[in-house]
Amino acid sequence: MGEADVAQDYPAWFEAAWPTSRFDAMKAACDPMADAAIAVIMADPTSPLALEVKAALASDSDAKPLADDFRRYLSLGHPAAEQAKSLFLPDWIDQAALDRAEVFMARHGARYAFVLLFLSLPILYGWAAGGAQTLTMTGQLSDKFGRRVSETLRFVVSVIRQGGLGPDGDGIGTTLKIRLMHATIRYYARRAVCPSGEDYWIKEWGEPLNQEQMVATMLTFAPLATDGLRKLGIRITEQEDRDLLEMWRVVGWILGIPIECMPTTPEEGRLVWARCVERNFGATGAGRLLTASHIDFIASLGGETMFSTSFRDIDAALLRYLIGSDIAAGMLDVPWPGWRGLWVLLLLWGFHFTERLVDMSHLVRRWMDRHGNNLLIALEQRWAKREDARPFGIPTKEDAEGGMAQACALR
Ligand code: HEM
């Protein structure tokens, strides 16, 4: 694994609050409650209870009526009362911040989805310490990119839509579902064996789906995404930045991230992210495979036409622009964009520059007010109807290890 060449200076307060030992502890920590529940289910996978859980996970219902069921399943390992609290909205919740974040999302939903697709999801392919390898293990991102994107969007829509995390929303149930899904992946990753007979999981990666990875991923949905939106010329206030982080801290909490692992301000979040990159990022075959799948998927949207090459070039340009060349080119081998890609880059830079000179943000905002959320939902529905889409489900051993032979060769 290559080390990330992105060292930076950190303020003294950050060094004191986030020593290496804190990151190391997160790397060794998982989600005891969800893991215990999955252990109970896996101990007797054909029991009526295990079948009930599988059916609930495979159900296409958007989980709101199922939230109580998921709470019950997640409590199967007899958790301490302290852990059980994480199945509900936290008592530190700032409702006003959540309300404002929902208004922000109603305005900027489409661009936000765009940034998730070209920045938040693919940047994590650079996580060389067991991140990219977990994603290739299932083969879902490399073989069924469309399906995974559709599920991720469905999840995001369920939490960001107005009232999504409220008593009538489906955000909590969907998030609890993902929490169980992650615990299942963790269960299989710990036991996965390569065709050579070696264990797939390498100790130096830390625990599979550990808390350092979880927090970093949560940050890609908040301060990293707002940085991406700014790069696209959207003006975002500091308040909006804080509100979005608050929303994702709540989602992170329900997803099993302990409160003490989560940064409290976007500034702190950006520093935590930078440290995670330094500690964990590098070039791997797994990361390159995932990136190539991203580019192939975007190219496939152009069909068997000349647009396919254009889409490929444009994807390369966007990935380089939003992720940054150090990671996109240096670790993920994103190709040099052709002339079409360069045009897009020029347009983006031009837009960014013009936006600074002339305030165009009200035009963008007006357009977003009218179309943003609808577009996001339409996009999500379109993907959900693709042939390779399917509802959330508890991954079977075959699902979870579908990419094993290839994954072992790429470690
Ligand atoms: C805040 C943190 C995270 C969020 C919000 C999140 C969200 C999701 C969502 C929505 C899904 C279901 C859609 C899908 O099938 O992909 C999912 C599945 C999955 N997630 Fe996460 N995730 C997070 C962290 C992580 C991390 C850190 C890893 C691994 C390093 C990871 C690995 C996976 C895998 C392997 C699946 C199953 C995908 C498949 O079908 O192969 N997730 N996650």
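This is a short dialogue on reading burial, salt bridges and cavities in a predicted model.

Colleague: What are the ground rules for this model?

Modeller: The model is predicted, so local features need pLDDT of at least 70 and side-chain atom pairs count only at pLDDT 80 or more, while totals for chains, interfaces and linings use all residues. Residues are numbered from 1 along each chain as its sequence is written, and side-chain values use heavy atoms, with hydrogens and water left out.

Colleague: How many helices and strands are there in the protein chain?

Modeller: Helices (H or I, at least four residues) and strands (E, at least two) are DSSP runs, numbered from the N terminus. Here the protein chain has 22 helices and zero strands.

Colleague: How should I read burial, and what percentage of the residues count as buried?

Modeller: Buried means under 20% relative accessible area, exposed over 50%, and partly exposed in between (1.4 Å probe, protein chains only). Of the 411 residues of the protein chain, 56% count as buried.

Colleague: And contacts in the protein chain: what share join residues at least 24 apart?

Modeller: Contact means heavy atoms within 4.5 Å. Take contacts between residues at least 6 apart in sequence: 80% join residues at least 24 apart.

Colleague: Now charges. How many salt bridges does the structure hold?

Modeller: A salt bridge is a side-chain nitrogen of Lys or Arg within 4 Å of a carboxyl oxygen of Asp or Glu. The structure holds 21. One of them pairs Glu212 with Arg279, with the closest N and O atoms 2.7 Å apart. Glu212 sits in helix 12 and Arg279 in helix 15 (residues 266-280), so this pair ties together parts 67 residues apart in sequence. Glu212 counts as buried, at 0% relative accessibility.

Colleague: Where do Arg249 and Glu246 lie?

Modeller: Both are in helix 14 (residues 238-254), three residues apart, about one turn of the helix. Their side chains meet in a salt bridge at 3.3 Å, N to O. Arg249 counts as buried at 7% relative accessibility, and Glu246 counts as buried at 13%.

Colleague: Which residue forms a salt bridge with Arg288?

Modeller: Asp333, with the closest N and O atoms 3.9 Å apart. This pair links distant parts of the chain: Arg288 is in helix 16 (residues 285-300), and Asp333 is in the loop between helix 18 (325-328) and helix 19 (339-357), 45 residues apart. Arg288 is partly exposed, with a relative accessible area of 35%. Elsewhere, salt bridges that share partners join Asp35, Arg186, Arg190 and Glu207 into one network.

Colleague: What about Asp315: how far away is the nearest side chain of opposite charge?

Modeller: Lys and Arg count as positive, Asp and Glu as negative; His and the chain ends are not counted. Asp315 is buried yet has no salt bridge; Arg312, the nearest side chain of opposite charge, is 7.8 Å away. Asp315 belongs to helix 17 (residues 307-323). Neighbours within four places in sequence aside, Asp315 is in contact with Phe118, His294, Ile295 and Ile298.

Colleague: Last, cavities. What lines the second largest cavity?

Modeller: On a 1 Å grid over the protein atoms alone, a cavity is a set of points where a 1.4 Å probe fits but cannot get out; lining residues have an atom within 4 Å of a point. Grid points are joined across faces, edges and corners, and a volume is the space filled by probe spheres set on the points. The count comes to two cavities of 30 Å³ or more. The second largest has a volume of about 40 Å³. Its lining includes Asp31, Arg179, His182, Arg186 and Gln211. Helix 11 gives the most to this lining, with three residues.

Terms used:
1 Å grid on protein atoms, 1.4 Å probe; cavity = no way out; pocket = protein on both sides within 12 Å on 5 of 7 lines; lining within 4 Å.
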